[in-house]
There are 4 protein chains.
Amino acid sequence: MHATLKTAVLGATGYSGFELTQLLLRHPQLATPLLMRREGDAGPSTLAEAFPALAGNGQYALHPFSWGKLHDHGVDLLFLATPHEVSRMLVPEAISRGMRVIDLSGAWRLKTPAHSAVYGFHGTPETAALLDQAVYGLPELASEKIRHASLVANPGCYATSVILALAPLVCAGVIDRQKGIIADSKSGVSGAGKEPTAKTHFVSVADNLSAYSVFGHRHTGEILEQLDLRSQELIFTPHLLPIPRGILSTIYVHLAKPMSTAEVDSCFREFFKNARWIRIFPSPQLPQIQFSLRTNYCDIGFSLADDQQRLVLVSCVDNLLKGAAGQAVQNMNLMNGWNEAEGLA
Amino acid sequence: MHATLKTAVLGATGYSGFELTQLLLRHPQLATPLLMRREGDAGPSTLAEAFPALAGNGQYALHPFSWGKLHDHGVDLLFLATPHEVSRMLVPEAISRGMRVIDLSGAWRLKTPAHSAVYGFHGTPETAALLDQAVYGLPELASEKIRHASLVANPGCYATSVILALAPLVCAGVIDRQKGIIADSKSGVSGAGKEPTAKTHFVSVADNLSAYSVFGHRHTGEILEQLDLRSQELIFTPHLLPIPRGILSTIYVHLAKPMSTAEVDSCFREFFKNARWIRIFPSPQLPQIQFSLRTNYCDIGFSLADDQQRLVLVSCVDNLLKGAAGQAVQNMNLMNGWNEAEGLA
Amino acid sequence: MHATLKTAVLGATGYSGFELTQLLLRHPQLATPLLMRREGDAGPSTLAEAFPALAGNGQYALHPFSWGKLHDHGVDLLFLATPHEVSRMLVPEAISRGMRVIDLSGAWRLKTPAHSAVYGFHGTPETAALLDQAVYGLPELASEKIRHASLVANPGCYATSVILALAPLVCAGVIDRQKGIIADSKSGVSGAGKEPTAKTHFVSVADNLSAYSVFGHRHTGEILEQLDLRSQELIFTPHLLPIPRGILSTIYVHLAKPMSTAEVDSCFREFFKNARWIRIFPSPQLPQIQFSLRTNYCDIGFSLADDQQRLVLVSCVDNLLKGAAGQAVQNMNLMNGWNEAEGLA
Amino acid sequence: MHATLKTAVLGATGYSGFELTQLLLRHPQLATPLLMRREGDAGPSTLAEAFPALAGNGQYALHPFSWGKLHDHGVDLLFLATPHEVSRMLVPEAISRGMRVIDLSGAWRLKTPAHSAVYGFHGTPETAALLDQAVYGLPELASEKIRHASLVANPGCYATSVILALAPLVCAGVIDRQKGIIADSKSGVSGAGKEPTAKTHFVSVADNLSAYSVFGHRHTGEILEQLDLRSQELIFTPHLLPIPRGILSTIYVHLAKPMSTAEVDSCFREFFKNARWIRIFPSPQLPQIQFSLRTNYCDIGFSLADDQQRLVLVSCVDNLLKGAAGQAVQNMNLMNGWNEAEGLA
């Protein structure tokens with residue numbers, strides 16, 4: 001039998017970190033993960049303090065972060081559910097200490113300086129080498145690389161929903177890029193993080209919808225890089241929905257040549273034929289946010305105009321699962337040669 | 001002093017009809033409107049029966065529909081908040097009896113058979129003449145015609161939000177139509193009507209978002225006709241939001257030649273310089289659904305890409321006010337030579 | 001090894017029936033359940049037709065109800081997620097055919113005619129015998145009886161939240177019943193069923209709260225019978241919350257003699273010391289609806305006045321799990337000698 | 001004709017202050033109010049900066065607070081929508097400068113030290129005199145005093161909903177106080193203020209309900225004082241609803257002697273016969289939060305048990321209107337001899 005993998009989570013009290021922790025706690029191949037907080041001694045000392053919903057479910061201790069603690073526990077795989085600045089700072093040492101890392105922040109996702117500038121990062125020789133080594137952890141596109149990666153940059157939630165819907169068509173070369181691709185995405189509030197702000201106040205969000213970061217959202221670079229698009233070929237517009245979680249992206253493309261509905265359907269099904277966590281909806285049926293909520297699925301549907309060239313794609317993910325923690329577990333499964341669905345079904 | 005106008009509302013118990021009734025009841029130029037129901041003798045006999053929120057505010061009687069009643073009350077202006085089939089049936093006689101009509105349904109909005117086919121209408125000599133006479137009641141585009149109209153076809157809610165945002169640019173001829181216009185619209189549930197259905201059940205809508213009627217929504221024809229676009233130049237995709245009311249449309253256009261943000265701003269401000277119910281937001285500020293809720297405003301904002309050609313417009317209306325009842329009152333004001341804001345401010 | 005139990009669900013397309021089906025599908029001790037619909041040949045033929053969220057997860061067939069089908073499948077245990085009239089009609093034959101039955105409706109919950117009158121039931125010799133045999137399926141109060149029951153009447157959702165919070169105090173005889181017990185309960189909309197009605201329309205529920213069935217809700221009888229209270233000793237008031245699921249009951253009792261917080265806490269912990277699905281919150285911490293959502297827990301907390309006699313209890317359940325399907329599985333586990341948490345953790 | 005009253009609002013950027021400002025801006029008897037902010041020079045300089053919904057509606061200036069500014073504008077009536085500490089500090093000087101004051105905070109509501117201790121206030125000779133002078137501004141109970149008051153302590157939102165529902169029965173002496181009065185209240189999130197906190201984060205509130213401040217909410221003292229109840233005769237439990245605004249209180253009383261539904265109804269109608277802003281619902285009809293939303297009404301309904309002694313009251317107010325800003329305007333109307341509905345209808 002396999003040895004039990006030892007994992008640690010830094011940032012278990014954020015939305016993604018907590019979701020991840022819950023997945024790891026019931027993952028059949030793992031020992032109880034080591035849970036760490038960034039706040040040092042001031043923070044909560046158990047997970048239940050931060051999440052009263054855990055009351056009575058066992059008192060998972062939250063330790064202040066320390067390299068010594070990680071070493072003492074013999075941690076093999078470190079999950080970072082931390083702000084990108086923190087991830088940027090910690091990853092080099094973690095790698096040098098021989099741990100594999102799955103980073104849920106945006107710190108190591110972007111290869112080109114033009115894109116990573118949005119995070120305020122400047123390339124250094126050290127980060128250049130690590131960036132080179134980092135694998136963008138979208139299992140449906142890069143499972144082989146992920147298997148052998150030391151550092152997996154877990155994709156952004158919006159980026160996951162947009163890239164997965166577009167990849168089959170982009171790879172098949174059937175899109176007229178000249179006409180531009182539009183990704184109009186809508187996300188629940190947990191995507192904005194747990195920090196209380198004027199923007200996440202209930203009264204600001206309820207009974208409302210707003211667009212934000214038009215032409216300037218950080219996930220744009222991920223979509224461009226992964227699909228090898230030029231900046232002017234894509235518009236990505238995020239919106240804040242009055243729901244706690246879930247993303248729906250409505251994506252508009254123009255086909256270079258007419259295709260039938262059956263051909264588009266085949267293009268998707270062929271591309272994803274081995275993808276455990278993709279569901280293709282038969283046109284005209286379309287996914288809704290509720291369908292993939294609390295699952296690791298990315299649901300994809302489409303509708304084709306009469307001219308057989310204008311194509312509307314709809315893709316949905318749960319931003320905390322396939323858009324964050326679930327995908328991280330899927331990546332861990334790949335990195336350890338386990339079934340991609342282990343701990344997620 | 002002016003004579004008091006006599007109005008009637010048929011369909012006062014639907015969402016739009018009720019909203020309209022509330023506006024008419026406090027409009028300074030009107031006698032108490034005659035309220036009628038379509039259900040005949042079986043329906044509620046007062047408005048408070050249908051809307052308990054009115055309890056104690058006076059018992060507005062709801063009368064079964066009859067031409068005699070309309071005649072006895074000397075009704076000058078008839079509002080129809082009825083299904084389009086009913087409007088189609090009643091309008092000819094109402095006009096022939098000398099009443100002016102504002103119809104909130106889709107029955108008389110579309111001039112071309114290609115578009116009105118979506119309502120199942122077949123042209124007849126009688127309807128052709130009336131269609132010819134009917135004025136599409138978007139005050140910002142057709143105030144002169146509305147002033148003299150006998151029959152005003154009050155625009156659809158989605159159509160209002162999309163047409164108003166695009167009209168300045170389309171009229172200025174600055175859009176590259178070849179690249180296509182995308183209108184990605186999101187609406188609250190009252191837009192789907194008061195009828196309880198699986199789709200409007202709270203559990204189906206809450207914590208959800210869904211796209212529907214892709215390439216097939218009835219309001220598409222209105223947008224095409226009013227902006228004189230060809231069918232393949234526009235994609236309009238409606239979505240159902242988990243909120244009671246409000247519409248936000250995110251609209252994507254490609255400018256034929258580069259324009260500065262100031263030029264785009266001027267284009268809007270010039271076009272709407274006399275428009276009482278339009279608010280232009282200075283870029284990069286964008287309207288949100290909450291801002292225009294419970295007002296008759298159409299709020300418009302925009303964001304321009306660095307290339308000065310890719311342009312994202314955001315427009316918001318309250319679907320029951322500027323998207324229905326408020327616009328109907330604005331039309332009534334025009335038809336009677338009153339200030340456009342009368343009864344709406 | 002144990003033989004695999006064969007189950008069937010009638011009414012799998014309702015909210016409770018669907019929740020139950022999902023639990024049964026992943027229960028480790030069960031064969032795939034036989035799913036049946038009440039609509040006969042007209043209904044959906046797969047579960048995914050009724051619940052598109054299941055798309056791609058396998059096509060579970062929905063069969064029209066027939067005794068022959070149940071017999072052919074060798075069904076041991078029949079779950080009824082049907083209206084009470086249907087349950088009343090089917091249970092006698094199911095029992096006579098040797099199946100055990102867990103009925104999620106109210107049909108067999110009430111022993112006294114005074115209470116069951118609310119369902120329009122009149123006692124007959126046949127139903128009297130069955131009623132006598134039926135066990136009220138609240139595992140924390142009646143696990144022994146449930147183990148040997150042929151017919152389990154699965155409790156109402158409201159009743160579950162109220163009875164569990166009161167039982168320890170009632171059994172300990174510490175309540176001053178003269179002063180009356182108040183149960184002010186609030187429930188999400190799924191408790192009102194899947195039927196679209198004016199009451200469950202999104203626009204009626206959102207941004208709202210309403211009390212209903214004051215002094216007349218069907219679950220009142222269950223609370224009275226199970227706690228052996230007289231009618232005038234309890235007021236139970238349900239409210240409809242603008243959320244999809246979850247119940248919170250705020251319960252007011254007056255202690256006959258002063259007790260300390262520690263004594264009240266002990267009373268609860270002692271009573272529930274073997275209860276796998278009860279969580280007691282240490283005062284002053286109180287449960288919230290979110291904490292038990294999507295779990296089978298009943299969460300209970302309390303706050304004691306300075307006078308040590310006036311006591312406020314707060315209890316929460318997920319109305320579809322501990323309040324319906326989860327409790328049904330818990331009952332099935334007991335009936336088969338399995339761990340109470342099997343298939344629920 | 002009457003002279004135009006000059007008003008000022010300090011704290012116009014909070015929820016209540018903003019609601020109040022909107023009411024004052026359209027009140028027919030007032031000059032444009034002077035709007036002031038507490039933040040000094042750092043705060044927003046126009047109301048539209050704080051509330052983008054005002055864009056295009058005129059740029060109402062926000063001035064840093066100063067006594068000189070108030071004097072220069074000749075302010076007659078000062079509204080304080082400030083934290084209670086600030087109100088406590090400013091009111092003495094405002095009064096000494098000859099202004100009348102309506103304070104929306106809790107600073108001057110409570111006469112007895114036992115109750116005001118909850119605000120951390122210690123009596124001083126100066127505050128004692130002012131407290132003595134302060135009038136609790138519930139117009140339905142104290143219109144005469146309010147008319148002549150210099151300092152009106154505008155009631156708490158919860159307190160308004162509870163006191164108004166109980167006052168007729170308490171004043172008639174028909175309640176058996178020995179059995180205790182329970183007020184189980186539920187409020188929308190705007191009642192918790194505009195400050196972003198973990199508690200008001202959208203994700204914490206949505207799909208949730210929670211009880212809080214059990215046996216310890218600040219409004220309890222107001223209810224006790226106004227109804228002349230002893231502490232042990234009342235339990236008041238507030239809950240946080242997942243809606244932006246609105247309060248529903250479910251109140252349980254025991255009548256000393258049996259009364260018929262007609263008698264209870266008469267008791268309410270008689271008591272409130274001149275109350276412009278109270279609506280009594282005929283039993284068994286009950287108010288819902290939606291009914292009084294965006295109005296200044298307090299809606300009251302009831303349901304009586306068969307024993308004619310146990311009585312459930314339901315009362316609803318919009319916490320920002322009848323529970324705050326609307327009531328403040330109603331008080332201003334009284335203080336100036338205007339119709340109570342002026343500026344509110």
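What turn and what shift along the axis lay chain A on chain B, and with what RMSD?

## How chains A and B are related

This is a predicted model, so take everything below as computed from predicted coordinates. A turn of 180 degrees with a shift of 0.0 Å along the axis lays chain A on chain B, and the RMSD is 0.0 Å. The two copies are therefore related as by a two-fold rotation axis.

Which residue of chain A comes closest to that axis? Lys179(A) does, with its C-alpha at 2.6 Å. As for the surfaces involved, 100% of the interface residues of chain A are also interface residues in chain B, so the copies meet through the same surface.

## Two domains in chain A

Zooming in on a single chain, chain A splits into domain 1, which covers 7-154 + 324-335, and domain 2, which covers 157-317. Going by C-alpha atoms, the centres of the two domains in chain A are 25 Å apart.

How many residues of each domain take part in the contact between them? On the domain 1 side of chain A there are 19, and they meet 19 residues of domain 2 of chain A. Three helices of chain A each give two or more residues to the domain 1 side: H5 (113-116), H7 (139-147) and H13 (325-335). H13(A) supplies the largest share of that side, with 3 residues. Sorted by class, the side of domain 1 of chain A that touches domain 2 has 8 nonpolar, 8 polar and 3 charged residues.

## A glycine to click on in chain B

Over in chain B, have a look at Gly156(B), in the loop that runs between strand E7 (151-153) and helix H8 (157-171). Is Gly156(B) buried or exposed? Gly156(B) counts as buried because it has 25 C-beta neighbours inside 10 Å, where 20 or more are needed.

Leaving out residues up to four places away in sequence, Gly156(B) touches Gly106(B), His219(B) and Glu222(B). There's also a long-range pairing to check: Gly156(B) and Asn319(B) are 163 residues apart along the chain, yet their C-alpha atoms are separated by 8.6 Å.

## Where chain C meets chain B

Chain B also has a contact with chain C, and 13 residues from each of the two chains take part. What classes of residue make up the chain C side? That side has 8 nonpolar residues, 4 polar ones and 1 charged.

Methods: Residues numbered from 1 in each chain as written. Chains lettered and ligands numbered in written order. Predicted model: local features only at pLDDT ≥ 70, side-chain atom pairs only at ≥ 80, totals over all residues. Domains from an automatic or database assignment. Contact = placed C-beta atoms within 7 Å. Helix = DSSP H or I, 4+ residues; strand = E, 2+ residues; numbered from the N terminus. Nonpolar A, V, L, I, M, F, W, Y, C, P; charged D, E, K, R; others polar. Buried ≥ 20, exposed ≤ 12 C-beta atoms within 10 Å, placed from the backbone. Least-squares fit on C-alpha atoms with pLDDT ≥ 70 in both.
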